[in-house]
Amino acid sequence: MELLTPSSAPRHGRHARVMEEVTQPVTAPASQASSDNCPVVSLRGINKSYGEGALAVPILHDIDLQVEQGEYLAIMGPSGSGKSTLMNIVGCLDVATSGTYLLSGTDVSQLDDEGLSRLRNRTIGFVFQNFNLLPRETAQENVALPMLYGGVPRSERIDRAREALEHVGLGDRVDFLPTQLSGGQKQRVAIARAMVMKPSLLLADEPTGALDTASGEQIMELFQELSDSGATIVMITHERSIADHAHRLVFIRDGRLYTSEEVEGVAE
Ligand code: ADP
């Protein structure tokens with residue numbers, strides 16, 4: 001498992017970038033980032049290629065996807081279908097080659113790196129397969145991290161982190177280190193951390209991928225509770241039994257999105 005600390009961790013990859021960013025200033029609460037009633041995610045004609053010119057390899061093709069506030073969507077596809085590429089674009093960790101992406105009404109193509117990172121911090125809570133908790137920090141400190149440089153006073157950070165942990169059923173584990181927690185508990189800490197700034201979007205990449213079936217089911221129950229309380233969730237998975245927990249399911253095959261009816265005729 002890749003574990004990152006602020007000072008010693010290797011800085012590469014999209015997850016490391018997100019971990020760096022949770023320690024950057026957060027200038028506005030997420031609620032201010034989303035315009036009233038606009039979709040949280042609006043992708044129009046998104047294409048993504050790697051490489052340039054004659055060497056360009058097209059990966060995503062003409063993706064249209066809208067996620068409304070309060071939706072719980074799963075994007076399901078086999079390995080190599082383009083899930084991570086799409087997640088990177090939705091999570092503003094990468095930009096499309098062409099097409100339009102509005103995140104809570106903001107056109108991400110108009111933003112530079114700093115603007116993208118600020119929008120991402122305000123708007124998206126990430127949950128990863130491997131939890132990405134800081135190993136030397138307690139559960140409470142991990143959850144408090146996104147608030148650290150956000151101008152949130154220390155006592156409030158501590159209170160809000162504790163509340164977030166109570167919310168995910170870990171009120172009796174606030175002082176535990178990640179090594180003292182089970183996989184399912186670690187993922188619940190990660191979910192508390194993702195939600196503590198009240199993001200407009202919870203973006204989860206294979207959130208049960210490192211868990212046994214029973215722990216995975218508990219995480220799915222927690223997602224259901226978050227959804228019931230109004231959270232907007234996009235979950236990426238290759239497992240049908242996990243995808244079925246979402247309220248809407250779209251499929252990705254060879255970089256194209258399909259509804260369940262459409263995917264029937266598409267070869268695996
Ligand atoms: P998934 O997450 O569904 O396994 P990916 O989005 O990681 O799929 O990859 C989709 C396709 O894009 C794969 O064929 C992969 O080899 C290719 N790909 C991913 N990243 C790069 C890259 N940086 N350069 C070139 N091709 C890439």
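A residue is called buried here if 20 or more other C-beta atoms lie within 10 Å of its own, and exposed if 12 or fewer do. Keep that rule at hand during the tour, and bear in mind that the model is a predicted one.

**The whole chain**

Begin with everything displayed: the protein has 10 helices and 10 strands, and buried residues make up 42% of its 268 residues. Among the contacts with a separation of 6 or more, 71% are between residues that lie 24 or more positions apart.

**Strand 7 and its partners**

Select residues 201–205, which form strand 7, and colour them by burial; 5 of the 5 residues are buried, so this strand is largely enclosed by the rest of the structure. Which way do the residues of strand 7 point? L201, L203 and D205 point one way, while L202 and A204 point the other way, and all are buried.

Now add residues 124–128, which are strand 6, and you will find that this strand pairs with strand 7 in the parallel sense over 5 bridges. Within that pairing, G125 stands opposite L202 of strand 7. Add residues 233–237 as well, because this is strand 8, which also pairs with strand 7 in the parallel sense, here over 4 bridges. L202 has a bridge partner in strand 8 too, namely I233.

**The open sheet**

Move on to another set of strands, an open sheet of 4 strands in the order 2-1-4-5, whose pairing is antiparallel. Strand 2 and strand 5 (106–107) stand at the edges, each with a single partner strand, so that one side of each has no neighbour in the sheet. To look at one pairing in detail, select strand 1 (residues 41–50) together with strand 2; these two run antiparallel and are joined by 7 bridges. One place to zoom in is I46, whose bridge partner in strand 2 is I63.

**The ligand**

Centre the view on the ligand and show the residues that surround it, which are Y50, V57, I59, G77, S79, G80, S81, G82, K83, S84 and T85. The elements that give two or more residues to this shell are strand 2 (57–67) and helix 3 (83–90). Of these, helix 3 gives the most, with 3 residues. Coloured by class, the shell shows 3 nonpolar, 7 polar and 1 charged residues.

**Helix 3**

Stay with helix 3 and select K83, L86, M87, I89 and V90, which are buried. They cover an arc of only 160 degrees around the axis, and therefore lie on the same side of helix 3. Following the chain past the end of helix 3 brings you to C92, whose phi is positive, near 60 degrees.

**Helix 6**

For the last stop, select residues 154–167, the 14 residues of helix 6, which reaches 20 Å from its first C-alpha to its last, close to the 20 Å expected at 1.5 Å a residue. Where are its buried residues? They are R157, R160, A161, A164 and L165, and because they cover an arc of only 135 degrees around the axis, they are on the same side of helix 6. Display helix 5 (139–148) and helix 7 (183–195) as well, since the buried residues of helix 6 pack against both. Then turn the view to the face directed away from the buried side, where the exposed residues S155 and E156 are carried. Just after helix 6 comes G169, which takes a positive phi of about 80 degrees.

Definitions and conventions: Residues are numbered from 1 along each chain as its sequence is written. This is a predicted model: local features need pLDDT of at least 70, side-chain atom pairs count only at pLDDT 80 or more; totals for chains, interfaces and linings use all residues. A residue is near a molecule or strand if its C-beta atom, placed from the backbone, lies within 6 Å of it. Ala, Val, Leu, Ile, Met, Phe, Trp, Tyr, Cys and Pro count as nonpolar, Asp, Glu, Lys and Arg as charged, and the others, Gly among them, as polar. The expected span of a helix is 1.5 Å times one less than its number of residues. The arc is that of the directions from the helix axis to the C-beta atoms. Two residues are in contact if their C-beta atoms, placed from the backbone, lie within 7 Å. Two strands pair if DSSP finds at least two bridges between them.
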